[in-house]
Each structure stands twice: as C-alpha cells, then as structure tokens.
Amino acid sequence: MYNKKLVFAAACIGMLLFGIVLISLGSILPAVITKFSIDEVSAGTLATLLPFGVLGGSLVFGPIVDRYGYKLLLISCSLLVFAGLEIIASAEEFYPLQIAVFIIGLGGGALNGGTNALVSDISEQGRSANLSLLGVFFGIGALGMPAIIGLLTGIYSYDTVISFIAVFILIPLIFFIAVKFPLPKHPQGFPVKNGLALLKEIPLLLLGAILFFQSGVEGLMNNWTTTYLSKHLFVETDKALYALSYFVLGMTITRLALGYLLKKVPSTLVLYISLVISFLAGILMYTVSSYLLVVVSLVLFGIGLAAAFPVYLSYVGELYNEISGTAFSLVLVIALCGNMILNYLTGIVAHNYGIENFIAIVLLSLIFITILLLITLKKISNSLTGQIKLKSNSE
C-alpha cells in the first residue's frame with residue numbers, strides 16, 4: 001500500500017522540476033552567450049537540443065514506468081537534471097554545454113510524462129481535477145525560475161546560481177527515495193505486443209492529434225509572443241517578456257481553480273467554454289494594437305488553454321489504465337511533434353508574410369482542435385461504453 005497524498009506530493013514536486021527545466025535555458029541563455037562568446041546560430045542549437053531531449057524523455061518514460069514503476073523514474077530523472085545543471089555551471093567548453101542541455105531536456109520530458117501518468121493512476125475519482133492541480137506546479141516552476149535567477153545573479157555569478165539550483169534538486173530526490181509508490185503494472189516484462197497495439201487505437205490517436213495542435217498553440221504563445229510584441233507593436237523587450245508572464249500566470253491560476261471546478265462541472269463543458277475563450281483571445285490579439293489589450297488577450301489565452309492537457313490526459317488514463325504509461329508516452333510524443341512542427345512553420349510564415357500572422361496560425365489550430373474534439377468525444381464515449389459492457393459480462 002502507498003499513501004496517495006504523499007505520492008501526489010511527489011508528482012507535484014516532479015512537475016515543479018519540469019517547470020524549472022523548461023524555462024531554465026531561456027533564463028540563462030544571455031549569460032551563456034556572453035561567457036562562451038557564441039553567435040545566434042550556436043545559441044539556436046542549444047535551444048533546439050532542449051525540445052529534442054524532452055521528446056526523447058517523453059518517448060521512453062512510458063515503458064519504463066509500466067515495467068519498473070515510478071520511483072526509479074523520478075529518482076533517475078532528478079539525477080539527470082541535477083547532473084545537467086552542474087555541467088552547465090562548470091562547463092568551460094561549448095560541447096559539454098550541448099550535452100548538458102540535452103540531458104536536462106531528457107530528464108524533464110520523462111518527469112513531465114511520468115508525473116502526469118502517476119497522478120492519473122492514483123486518481124480513481126477526479127482524474128482531470130487532480131491533473132489540473134498538478135499543472136499548477138509547472139506554472140510555479142516556470143514563473144519561479146526566472147525570478148530566482150534574476151534575484152540571485154545580482155549577488156552571485158550565474159555559474160554559482162545554477163549550482164545552487166542543482167543542489168536544491170537533491171532535496172526532492174531524498175523525498176522520492178523515502179516515499180512508497182504504486183507497484184509496476186508489468187513487473188514480469190513490458191508487454192511489447194500491447195504497446196504496439198496502441199498504434200491502432202483510434203480514440204488514442206485522435207487525442208494525440210488534438211494535443212498535436214494544442215501543444216503547438218501553447219508553444220507558439222510561449223515562443224512568438226515576445227517577438228510579435230517587439231517587432232509588430234514595437235514594445236520594449238522587457239515589457240514584452242513581462243506580458244508573456246501574464247499568459248503563464250493566467251494558465252496557472254485557472255488550473256488551480258479547475259482543481260475544484262472539474263469535480264463539479266462536466267469536463268466536456270469545460271473544454272467547449274475553454275475553446276470559446278481561446279478564440280476570443282486570438283481574435284482580440286489579432287485585431288488590437290494596444291499593449292494593455294494584448295496583455296488582456298494573453299491572460300484570456302492562459303485561461304482558455306489551461307484545461308486542455310489535464311482533461312485530455314485524463315481521458316487517456318481512463319481509457320488505457322492497464323498500460324497508462326505507454327499510452328501517455330505516445331500522446332505526449334505526438335504533442336511535442338506538433339509543438340516543433342507548428343513552431344517551424346510559423347518561422348517560415350513570419351519570415352515571408354510577417355510576424356503578426358502567427359496569431360492566424362493559432363486560430364487555425366483552434367479550429368482543427370474543435371473539429372477533432374467533436375469527433376473524439378463520440379469515439380471516447382463508444383469506447384468507455386464498450387469497456388463497461390465488457391466488465392459486466394466478465395463479472
């Protein structure tokens with residue numbers, strides 16, 4: 001037996017670490033560029049290695065947790081993030097820095113997927129609500145990392161600050177070692193046949209397709225908003241970065257509220273309301289030129305996008321509980337591919353037609369999400385009905 005509250009706390013800490021990981025490179029990149037005297041191309045290489053690492057971690061975590069359980073994953077990933085940060089702090093050459101960034105992404109991607117799958121597994125009731133609360137800790141990590149680095153770099157060098165953060169990660173590592181986690185679902189060996197069979201599961205692939213566009217939209221908002229504000233609306237860089245924090249803050253606070261609302265309100269209704277808010281945010285941002293109104297639209301975007309990942313992942317956990325880790329792994333890999341592909345396409349569009357058109361890509365993606373959602377909910381309903389009948393017949 002395990003204590004659900006302690007296990008949930010462990011998952012939240014793991015998600016906090018992922019928030020730190022995902023924002024870490026952007027927070028330290030200016031100092032890295034200065035220390036190593038690298039150009040924009042080399043800096044871009046570092047920025048590319050992080051999502052590739054996250055993609056790799058998302059790919060491998062599922063079979064690992066289904067075969068070996070969550071304790072091994074959380075401990076090993078924390079050690080990877082610790083090692084990566086220490087390498088960054090002590091590196092004297094560019095090559096070790098590249099390796100460190102990939103390692104951090106690898107550990108962070110596995111932490112993200114593993115903590116979501118863990119919360120899903122321990123939540124027989126209120127799965128989407130608990131996943132929303134888990135997402136709050138990503139926001140805390142993402143908002144806290146730049147603030148901590150900004151505060152401490154005024155006193156210490158960035159190398160020392162990164163070392164401090166790395167040592168901080170060892171504290172939750174002790175907690176992970178002490179907590180008892182759910183037993184592995186397939187300790188006798190990973191069921192390869194069952195894992196491959198997921199590739200034929202239409203509801204799972206549809207959920208992955210939704211998250212393809214959902215992750216892309218969130219990535220576009222994170223990666224292109226500051227450029228849009230500075231190059232299209234001519235907002236100062238500091239104000240543009242400050243505006244982006246409102247997007248993260250809106251999402252974080254909303255997920256905190258959803259931890260309560262999703263226990264009272266049907267998840268499908270929440271998804272539809274969220275899409276309406278997201279469309280309104282996109283239309284507002286596309287049509288206005290006022291900095292204040294853009295900030296309002298970013299807050300609305302944070303509110304509108306907050307429910308998607310927790311609710312869609314709760315569907316994955318409910319449909320594929322017996323092999324949930326691998327199912328989560330599959331949809332998260334599809335989601336990350338969407339993030340990378342849509343960001344790449346946006347770069348091409350921005351170069352040829354102007355940065356303001358990135359919002360048009362966001363709105364088009366929201367249309368695809370709406371269409372896919374209508375199809376997917378029907379498929380999910382049919383699948384769950386079939387599972388209930390199967391259980392009744394077996395009993």
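**Surface, core and a salt bridge in a predicted model**

At 42% relative accessibility, Ile375 counts as partly exposed. The model described here is predicted. Ile375 is found in helix H14, which covers residues 358-394. Ile375 also belongs to a nonpolar patch on the surface. The other members of this patch are Leu364, Ile367, Phe368 and Ile371. Together, the five side chains' residues have about 430 Å² of accessible area. In an α-helix there are 3.6 residues a turn, so residues three or four places apart point the same way.

The interior was examined next. The largest nonpolar core has 126 residues. Six residues have the most contacts inside this core: Ile88, Met221, Phe247, Met285, Tyr312 and Phe358. Helix H8, residues 202-231, supplies the largest share of the core, with 13 residues. In soluble globular proteins, nonpolar side chains tend to be buried together.

Tyr312 serves as an example of the contacts made. Neighbours within four places in sequence are set aside here. Tyr312 is then in contact with Leu207, Ile210 and Leu211. Its other partners are Leu271, Ile369 and Leu373.

Helix H3 runs from residue 70 to residue 90. At 1.5 Å a residue, its 21 residues should span 30 Å. The end C-alpha atoms of H3 are 30 Å apart, which agrees with that expectation. Several residues of H3 are buried, among them Tyr70, Leu73, Leu74, Cys77 and Val81. The buried residues of H3 also include Leu85, Ile88 and Ala89. Ile88 is one of the residues with the most contacts inside the largest nonpolar core.

Charged side chains were also considered. The structure holds one salt bridge. In this bridge the side chains of Lys185 and Asp121 meet, at 2.9 Å from N to O. Lys185 lies in the loop between helix H6 (158-178) and helix H7 (192-197), whereas Asp121 lies in helix H4 (residues 94-122), so the pair ties together parts that are 64 residues apart in sequence. The two partners can be set side by side by their accessibility. Lys185 is partly exposed, with a relative accessible area of 29%. Asp121 counts as buried because its relative accessibility is 18%, and buried means under 20%.

Helix H6 also contains Thr160. Thr160 has 28% relative accessibility, so Thr160 counts as partly exposed. Thr160 and Gln188 are 28 residues apart along the chain. Their C-alpha atoms are separated by 44 Å.

Notes
Residues are numbered from 1 along each chain as its sequence is written. This is a predicted model: local features need pLDDT of at least 70, side-chain atom pairs count only at pLDDT 80 or more; totals for chains, interfaces and linings use all residues. Side-chain values use heavy atoms; hydrogens and water are left out. Patches are made of residues with over 30% relative accessible area and no salt bridge: like charges are joined within 9 Å, nonpolar side chains (Val, Leu, Ile, Met, Phe, Trp, Tyr) within 5 Å. Accessible areas come from the Shrake-Rupley method with a 1.4 Å probe; for residues, only the protein chains shown count as cover. A salt bridge is a side-chain nitrogen of Lys or Arg within 4 Å of a carboxyl oxygen of Asp or Glu. Helices (H or I, at least four residues) and strands (E, at least two) are DSSP runs, numbered from the N terminus. Buried means under 20% relative accessible area, exposed over 50%, partly exposed in between (1.4 Å probe, protein chains only). A nonpolar core is a set of buried Ala, Val, Leu, Ile, Met, Phe, Trp, Tyr and Cys residues joined through side-chain atoms within 4.5 Å. Contact means heavy atoms within 4.5 Å. The expected span of a helix is 1.5 Å times one less than its number of residues.
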